[in-house]
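Work through the exercises below with the model open in a viewer. Each task is followed by a solution in steps.

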There are 2 protein chains.
Amino acid sequence: MKTLRDIGEDALIDRLVGLVPRDPNPAAGPGDDCAVIDRDPKSPTLLLLKTDALVEHIHFLPDTPPRAVGWKAAARVVSDFAAMGGRPEYFLVTLALSPETAVAWAEDLYRGIGDCLEKFGGVLAGGESSSVPPGSAAVISIAATGSVRREQVVLRSTAKPGDALLVTGRLGGSLQSKHLNFTPRLSETNWLVSEYKPTAMMDISDGLAKDLPRLAGASGCGFVIDRTALPLTPGSTPAQALGDGEDFEILCAIEPARVPGLLAAWHAVFPDLPLTKIGELVQSGAGESLTGGWDHFAGH
Amino acid sequence: MKTLRDIGEDALIDRLVGLVPRDPNPAAGPGDDCAVIDRDPKSPTLLLLKTDALVEHIHFLPDTPPRAVGWKAAARVVSDFAAMGGRPEYFLVTLALSPETAVAWAEDLYRGIGDCLEKFGGVLAGGESSSVPPGSAAVISIAATGSVRREQVVLRSTAKPGDALLVTGRLGGSLQSKHLNFTPRLSETNWLVSEYKPTAMMDISDGLAKDLPRLAGASGCGFVIDRTALPLTPGSTPAQALGDGEDFEILCAIEPARVPGLLAAWHAVFPDLPLTKIGELVQSGAGESLTGGWDHFAGH
């Protein structure tokens with residue numbers, strides 16, 4: 001009997017999405033950071049949809065401060081809207097918690113969600129709560145809508161060979177604390193899509209080693225990276241920068257001729273946040289491959 | 001230390017929603033079957049948002065056929081869109097499953113979701129998967145968007161004292177099988193809102209004893225019901241009809257003068273599905289009270 005551990009997360013999703021009706025003409029469907037829905041052709045904006053879940057013992061621990069868990073749950077979703085060039089709007093929060101959970105824990109969780117929505121925008125529109133059996137892990141699932149201006153949406157699948165690859169911030173070592181208190185790159189990506197619109201973009205949630213091949217593959221490209229150029233979190237190795245995951249930095253592709261102008265403008269607008277060229281896209285089949293990064297069902 | 005069991009589901013939600021930013025002017029926010037968003041005042045439709053979760057051992061068992069679990073997960077959401085007078089559109093599916101789960105189980109779950117979307121409309125727009133630790137219950141969370149024509153939306157909060165209370169179908173005994181294979185009353189409510197628009201409406205998910213006070217309370221009313229009039233599932237008692245939950249029938253309120261016309265028209269259009277007057281709304285503070293129904297954290 002084949003299990004989820006045997007086939008891994010990406011293969012599972014490939015097998016499942018074919019089993020249900022899908023949008024016959026999606027702006028972007030399963031496989032991008034958000035679903036992109038063209039709900040009204042007369043509207044200047046597209047609807048973005050995203051769902052994301054935190055599981056106790058996997059994404060946080062029983063003694064993690066609940067306010068940080070709430071921040072993380074909401075900020076992961078905000079990061080996905082940022083990765084499309086959009087903004088968050090309406091949030092739905094699903095809690096599956098033990099009846100023995102302290103009311104104060106749930107309240108602090110919600111305060112953390114509120115901290116994030118106050119900082120980045122978005123409002124609570126509804127939710128759902130259920131108990132879990134004794135000993136079961138708590139699950140916090142957040143679904144949200146966002147919006148993006150039609151001309152500013154950036155997918156994963158629209159880069160070309162030759163495009164430069166850049167990342168924001170520093171990679172690796174997120175488990176030391178950044179996975180709980182990271183800053184979604186919302187203002188940065190909103191600036192990018194209006195000033196130097198990337199040809200493709202995504203957030204790095206499972207590690208560059210997992211996510212870069214996803215972006216390149218979606219765009220029908222291969223890739224090469226310069227390991228010596230990777231911007232490292234102090235104390236992290238290049239292997240950690242590739243494999244740790246939960247960086248929540250932005251990976252984007254852009255035409256090579258625009259890179260010098262972008263870097264100069266970026267450093268003037270965001271002097272405290274690095275933007276680093278780490279490699280480029282190449283023809284499909286050329287380039288290198290990466291292994292590592294986080295797979296939920298393989299557990300590594 | 002107060003726990004979720006101590007305060008119960010409704011009190012928990014009341015305490016949490018005040019801790020995060022909310023829509024300053026919601027068409028309907030937390031507390032109704034769906035959130036109702038007026039995203040574009042020029043659009044003839046309103047956006048509906050809903051999230052709902054199934055937890056193993058609570059909503060289904062390890063040996064429940066996964067295709068039935070998938071149907072139930074999606075049909076619960078469809079039922080909530082029906083309860084607003086709307087229709088389902090885009091679905092996001094979140095799976096939190098053990099790595100030891102058989103791939104075939106996940107595929108059959110998705111086939112069940114697909115069965116429901118094919119019958120009632122709606123398409124898969126995206127999803128998320130995560131592992132859960134060994135021994136933890138599986139959680140399936142579905143979030144979806146829907147739409148409702150602006151003039152057809154029905155809230156819980158807009159009924160008046162004197163309005164008649166009616167329910168579709170038969171109540172009680174859902175655990176025998178109906179909780180897994182129920183039919184969301186989508187075509188019936190879409191007919192209702194265009195032909196005999198109710199003054200308030202909701203679906204009965206936690207039992208009439210729990211849900212009727214919610215509708216009456218949201219409308220600022222009390223209620224009286226005629227226990228001898230309750231339409232019973234064969235083999236069920238009035239107490240089971242009030243308390244079992246997971247009926248997924250529709251409870252609605254309507255001006256009393258319109259009831260005879262509605263009943264005559266209903267029986268012509270839906271000859272196989274009862275529609276039964278069970279009581280009426282009264283002034284707040286008058287009427288009776290009900291206890292029972294399902295509370296997730298109290299576990300009864």
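The exercises concern a predicted model and go from the pair of chains down to single residues.

**Exercise 1. Determine what turn and what shift lay chain B on chain A, and name the relation.**

Step 1. Superposing chain B on chain A takes a turn of 180 degrees and a shift of 0.0 Å along the axis, with an RMSD of 0.0 Å. Such a pair of values is the relation of a two-fold axis.

Step 2. The contact residues agree with this picture: 100% of those in chain B recur in chain A, so the same surface serves both copies.

Step 3. To locate the axis on chain B, look for B:Ser136, whose C-alpha lies 2.1 Å from the rotation axis and comes closest of the residues of that chain.

**Exercise 2. Describe the side of chain B that touches chain A by its residue count, its elements and its residue classes.**

Step 1. Count the residues: 69 of chain B are in contact with 69 of chain A.

Step 2. Assign them to elements. Two or more residues each come from helix 1 (4–17), strand 1 (35–37), strand 2 (45–55), strand 3 (87–97), helix 3, strand 4 (123–131) and strand 5 (139–149) of chain B.

Step 3. Sort them by class: this side of chain B has 37 nonpolar, 19 polar and 13 charged residues.

**Exercise 3. Find how the two domains of chain A are placed and what domain 1 gives to their contact.**

Step 1. The domain assignment of chain A places domain 1 at 4–152 and domain 2 at 164–283. Their centres, taken over C-alpha atoms, are separated by 22 Å.

Step 2. Domain 1 of chain A gives 15 residues to the contact, and domain 2 of chain A gives 17.

Step 3. On the domain 1 side, helix 2 (residues 66–83) of chain A gives the most, with nine residues. By class, that side divides into seven nonpolar, five polar and three charged residues.

**Exercise 4. Decide how the buried residues of helix 5 of chain B are arranged around its axis, and what they pack against.**

Step 1. List the buried residues of helix 5 (residues 186–195) of chain B: B:Leu186, B:Glu188, B:Thr189, B:Leu192 and B:Val193.

Step 2. Because these residues cover an arc of only 160 degrees around the axis, they are on the same side of helix 5 of chain B. On the other side, B:Ser194 and B:Glu195 are exposed.

Step 3. The buried residues pack against two helices and three strands of chain B, namely helix 2 (66–83), helix 3 (103–120), strand 6 (164–168), strand 7 (200–203) and strand 9 (250–254).

**Exercise 5. Assign the side chains of strand 8 of chain B to faces, and identify the strand it is bridged to.**

Step 1. Recall that side chains in a regular strand alternate between the two faces of the sheet.

Step 2. In strand 8 (residues 221–225) of chain B, B:Cys221, B:Phe223 and B:Ile225 point to one face and are buried. B:Gly222 and B:Val224 point to the other face and are not buried.

Step 3. Strand 8 of chain B is joined by five bridges to strand 10 (residues 275–283) of chain B, and the two run antiparallel. In this pairing, B:Cys221 stands opposite B:Gln283.

**Exercise 6. Compare the surroundings of A:Phe248 and B:His57, both of which have a positive phi.**

Step 1. Most residues other than glycine have a negative phi. The values here are about 55 degrees for A:Phe248 and about 75 degrees for B:His57.

Step 2. A:Phe248 lies in the loop between helix 7 (238–243) and strand 9 (250–254) of chain A. B:His57 is in the loop between strand 2 and helix 2 of chain B.

Step 3. A:Phe248 counts as buried because it has 25 C-beta neighbours inside 10 Å. B:His57 has 14 other C-beta atoms within 10 Å and is therefore partly exposed.

**Exercise 7. Determine what B:Phe297 touches away from its sequence neighbours.**

Step 1. B:Phe297 is in the segment after strand 10 of chain B. With 23 C-beta neighbours inside 10 Å, B:Phe297 is classed as buried.

Step 2. B:Phe297 and B:Arg5 are 292 residues apart in sequence, yet their C-alpha atoms are 4.6 Å apart in space.

Step 3. Not counting residues up to four places away in sequence, B:Phe297 touches B:Leu4, B:Arg5, B:Gly8, B:Glu9 and B:Leu12, as well as A:Pro99 and A:Ser131.

How values were computed:
Residues are numbered from 1 along each chain as its sequence is written. Chains are lettered from A and ligands numbered from 1 in the order in which they are written. This is a predicted model: local features need pLDDT of at least 70, side-chain atom pairs count only at pLDDT 80 or more; totals for chains, interfaces and linings use all residues. Copies are superposed by least squares on the C-alpha atoms of residues with pLDDT of at least 70 in both. Two residues are in contact if their C-beta atoms, placed from the backbone, lie within 7 Å. A residue is buried if 20 or more other C-beta atoms lie within 10 Å of its own, exposed if 12 or fewer, and partly exposed in between; C-beta atoms are placed from the backbone. Helices (H or I, at least four residues) and strands (E, at least two) are DSSP runs, numbered from the N terminus. The arc is that of the directions from the helix axis to the C-beta atoms. Two strands pair if DSSP finds at least two bridges between them. Ala, Val, Leu, Ile, Met, Phe, Trp, Tyr, Cys and Pro count as nonpolar, Asp, Glu, Lys and Arg as charged, and the others, Gly among them, as polar. Domain bounds come from an automatic or database domain assignment.
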